[in-house]
Amino acid sequence: VRFADIRGRVVVDRSTAREVGTVGALVVDPAEHRITSLDVDDGDGRLVGWDSIVGIGDGGVVVTSGDALRTPSATERERLARGHDLIGRRVLSSAGEAIGELDDIVFDARNGVVESLVANGSDVSGDRLRAIGSYAVIVN
Amino acid sequence: LSAARASRLIGRPVVTLESGDIASSVKDVVLSARSGRLRALLLERGGPLSKVERKKLPLSAVRALGPDAVMIDRADVLLDADAKASDSDIIAIDAVSESGGRIGSVRDVILDTDQGAAVIGYEIEAVGGGKLLIREEDAISFSEDALVVAPGAEAVEWNELGGFGPAPPPRSET
């Protein structure tokens, strides 16, 4: 799944079929190169952990229940701040060479594992992800 | 060989590998006269609206001197620097031969960014015009006053080298 395809899509409660918000930013754990939760634009700054996501597709994101939305932890808040407006951020290799700007993030819908980062039209394998910072995304 | 002009490092961002944040940017380079290597980078962060923060980055803490950024592990590898931001500026000093003849003035320093930032040579604006490269092994000593060059050193014509990219515009004194 591409982040560009789900950004702004509705987040739906499976039990009530009601919209609880829309997909905002990604919360990424760079060490595990995995998306751990999705920031939901619900007006309350809450997010949904990956274990509460039932499905992700072009129809939106289905979550187990409205109760799955929770306030972010301190770590998540920090990662959220770094992951905010991620698309367009510069991508730097650990050798200090600019690869380009981040176009998109491709991930496995089942577990949130980042499969690849798309930068300047070419794919960088997700396991090369090292850090997501305010200045740059660092890849090995 | 991965050659870079020392002057091209100036202004380059210093970025942390662990967090992808910008820690500072390069203000000046410090060369070691003894080892013929880059010894440290002087950094400066802040500007008109914030306090200027000066730091020193020893070469040992540099993970990569990349074309777009200088990479370090974490921001805490930076050392506090004195307010004075230049104890090594050899740009514009005279290059003189051991016998006392003036060869020209130093315009830039060429570094090998792979081999521990060793100095490859000194770019000289020759007295009679044109550019020369004095190789590091032909440099006897340098200070902020002069670069002393060994007798009989063969200054390589710039054109023979294919250059190391265009020279940047002269730095404005601050």
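Visitor: How do the residues lining the second largest pocket divide into nonpolar, polar and charged?
Guide: Happy to start there, keeping in mind that this is a predicted model. The pocket holds about 210 Å³ of space, and 14 residues line it. By class, the lining divides into six nonpolar, three polar and five charged residues.

Visitor: Which of the lining residues are closest to the centre of that pocket?
Guide: Try finding the pocket through the elements around it: β2 (19–29), α2 (74–83) and β12 (129–132) of chain A each give at least two residues to its lining. Closest to its centre are Val28(A), Pro30(A), Arg79(A), Arg82(A) and Ile132(A).

Visitor: Which element supplies the largest share of the lining of the second largest pocket?
Guide: Three elements of chain A supply at least two residues each, namely β2, α2 and β12. The largest share, five residues, belongs to α2(A).

Visitor: Which strands stand at the edges of the open sheet of chain A, and why is one side of each left without a neighbour?
Guide: Follow the order of the seven strands, β5-β6-β1-β2-β3-β4-β7 in chain A, whose pairing is mixed. Each edge strand has a single partner, so one of its sides has no neighbour in the sheet. The edge strands are β5 (53–57) and β7 (69–70) of chain A.

Visitor: What angle does the direction of α2(A) make with that of β2(A)?
Guide: Let's begin with the strand: β2(A) is joined by six bridges to β3 (residues 34–41) of chain A, and the two run antiparallel. In β3(A), Asp41(A) is the residue opposite Thr22(A). Helix α2(A) packs on this sheet and touches β2, β3, β4 (47–49) and β7 of chain A. Its direction and that of β2(A) make an angle of about 90°.

Visitor: Which residue takes a positive phi in the hairpin of β10(A) and β11(A)?
Guide: Strands β10 (residues 114–119) and β11 (residues 122–125) of chain A pair in the antiparallel sense over four bridges. Ala119(A) stands opposite Ser122(A), and two residues lie between the strands. The one with a positive phi, near 50°, is Asn120(A).

Visitor: Which three residues supply 39% of the area that chain A buries against chain B?
Guide: The contact involves 16 residues of chain A and 17 residues of chain B. Between them the chains bury about 1,100 Å², with 58% of it on carbon and sulfur atoms. On the chain A side, no other three residues supply as much as Gly96(A), Arg130(A) and Tyr135(A).

How values were computed. Residues numbered from 1 in each chain as written. Chains lettered and ligands numbered in written order. Predicted model: local features only at pLDDT ≥ 70, side-chain atom pairs only at ≥ 80, totals over all residues. Heavy atoms only, no water. 1 Å grid on protein atoms, 1.4 Å probe; cavity = no way out; pocket = protein on both sides within 12 Å on 5 of 7 lines; lining within 4 Å. Points joined across faces, edges and corners; volume = space filled by probe spheres on them. Nonpolar A, V, L, I, M, F, W, Y, C, P; charged D, E, K, R; others polar. Pairing = 2+ DSSP bridges. Contact = heavy atoms within 4.5 Å. Axes fitted to C-alpha atoms, helices over the stretch in contact; angles between N-to-C directions. Buried area = accessible area lost by both parts, 1.4 Å probe.
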